[in-house]
Amino acid sequence: MNEIRLFFGRPAIPDRKDLISAIKDLQHRYGCIVQALDADKVVSNRHILFATEKALSAFSQRRNIAKDVGMEIMRYASGERQIERALNMGVSDKTERIALVLASLEGQCNWPDEIELSRLLKPDGLGCSCRYNAVKEVFNISSAELDSVGEDRIEDLVIERVALADTYR
């Protein structure tokens, strides 16, 4: 059975390359899947949990596009089929907050403790709190689309794009 854990906060390591290196190290030591996303572009816990489940399912069924499970999570989270475009969901030097996704595929993970996680992430108590302008830009949500469904349905629009990521060719 798959298990997913989400953490939000500020990166404890300011340099993006060093942060990614530390994430890879944690992943290797604990056997978990670890992926960092730009939290400004994660619209809700439901969004990232759904995307992660889709990515894990794709790997289990051998229909994944990315070679790495973490990258497949990013691909689904972005609602993109192409990996290059999915990178917009990842951390950059401008990232102020990260969403850290830890996943265990079929229970094959030892979970890192708070001390280990604090080396990557400084919790800020904000949880999942996106910037709607960033979300609209990443997911190409037009004003006309928002006018027709309402601003309060932006989460549904994002999840729809995640669900359709496999159908775009």
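The largest nonpolar core of this predicted model holds 33 residues, and those touching the most other members are Leu37, Val42, Tyr76, Met89, Val135, Phe139 and Ile141. Several strands and helices feed into this core: β1 (3-11), β2 (33-38) and β3 (98-104) each supply at least two residues, as do α2 (45-60), α3 (69-78), α6 (132-138) and α8 (154-163). Among the contributors, α2 gives the most, with six residues. A second core, separate from this one, is made up of 16 residues, including Leu26, Val91, Leu100 and Leu121.

It helps to look at one well-connected member up close. Setting aside neighbours within four places in sequence, Val135 is in contact with Asp40, Lys41 and Val43, and also with Cys130, Ile141, Ile154 and Val158.

Next comes a residue of helix α3, Glu72. Is Glu72 buried or exposed? Its relative accessible area is 0%, so Glu72 counts as buried, the cut-off for that label being under 20%. Again leaving out neighbours within four places in sequence, the contacts of Glu72 are Ala55, Ala58, Phe59, Asn64, Ile65 and Ala66.

The aromatic rings complete the picture. How many aromatic pairs does a search of the whole structure find? The search finds zero. Two rings do, however, have an arginine over the face. Arg5 lies over Trp111, at 3.9 Å from the ring centre, while Arg75 lies over Tyr76, at 4.5 Å from the ring centre. Tyr76 has already appeared above, as one of the residues that touch the most other members of the largest core.

Note on methods: Residues numbered from 1 in each chain as written. Predicted model: local features only at pLDDT ≥ 70, side-chain atom pairs only at ≥ 80, totals over all residues. Heavy atoms only, no water. Phe/Tyr/Trp six-rings, centres within 6.5 Å; stacked < 30°, edge-to-face > 60°. Lys NZ or Arg CZ within 6 Å of the ring centre and 35° of its normal. Core = buried A, V, L, I, M, F, W, Y, C linked by side-chain atoms within 4.5 Å. Buried < 20%, exposed > 50% of the residue type's maximum accessible area, 1.4 Å probe, protein only. Helix = DSSP H or I, 4+ residues; strand = E, 2+ residues; numbered from the N terminus. Contact = heavy atoms within 4.5 Å.
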